Amino acid sequence: MKRLLLAVAFMFATQFAMSQTAAKPADPALKKEVIRLLDLSGANAQYEVAIDQIVKSVAADKQAAFKKEIMESLKGLNDKIADIYLQEFTAEDIKAMIKYYESPIGKKQASKAGVLAEKGQAAGMEWGQSLQGVMMKYME
């Protein structure tokens, strides 16, 4: 469980650090479209999987309030990630991605984002545990 929390904290810290490189103010309308893209893509569902794991570490009587506060903080994270998208993609790219996520296969992919994140997280943890033997071999 500690590894999971550490991994999630690292993920959020990395995304925050990357967002600090914003060079110019974004077009507010385009930024709003990127935030819509993040929602359409299932990105928030992926965060929710990680958040649900973190929430379990809080006392049961405080979990609802804790989760509500964390979910509210996602707005700030999405804002920062939107800035990153705006640095890396053109307006046309963003429109094309939105079009994809509004298509049937895009909607299906987005609907599976949480499941994929959860299963991917489990696979990543299993892989990380398998590396312990390799690490020990080289640390001796």
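The following questions and answers concern helices and salt bridges in a predicted model.

Local features need pLDDT of at least 70 and side-chain atom pairs count only at pLDDT 80 or more, whereas totals for chains, interfaces and linings use all residues. Residues are numbered from 1 along each chain as its sequence is written, and side-chain values use heavy atoms, with hydrogens and water left out.

User: On which residue is the kink in H7 centred?
Analyst: Helices are DSSP runs of H or I with at least four residues, numbered from the N terminus. Helix H7 covers residues 113–139. The bend at a residue is the angle between axes fitted to the seven residues ending there and the seven starting there. The kink in H7 is about 25° and is centred on Gly-133.

User: Is Met-135 in H7 buried or exposed, or partly exposed?
Analyst: Buried means under 20% relative accessible area and exposed over 50%, with partly exposed in between (1.4 Å probe, protein chains only). Met-135 is found in helix H7. Because its relative accessible area is 47%, Met-135 is partly exposed.

User: How many residues apart in sequence are the parts that Glu-102 and Arg-36 tie together?
Analyst: A salt bridge is a side-chain nitrogen of Lys or Arg within 4 Å of a carboxyl oxygen of Asp or Glu. The side chains of Glu-102 and Arg-36 form one, at 2.9 Å from N to O. Glu-102 belongs to helix H5 and Arg-36 to helix H2, so the parts tied together are apart in sequence by 66 residues.

User: Which helix holds Asp-52, a salt-bridge partner of Lys-67?
Analyst: Asp-52 and Lys-67 meet through their side chains in a salt bridge of 2.6 Å, N to O. Lys-67 lies in helix H4, whereas Asp-52 lies in helix H3.

How values were computed. Helices (H or I, at least four residues) and strands (E, at least two) are DSSP runs, numbered from the N terminus. The expected span of a helix is 1.5 Å times one less than its number of residues.
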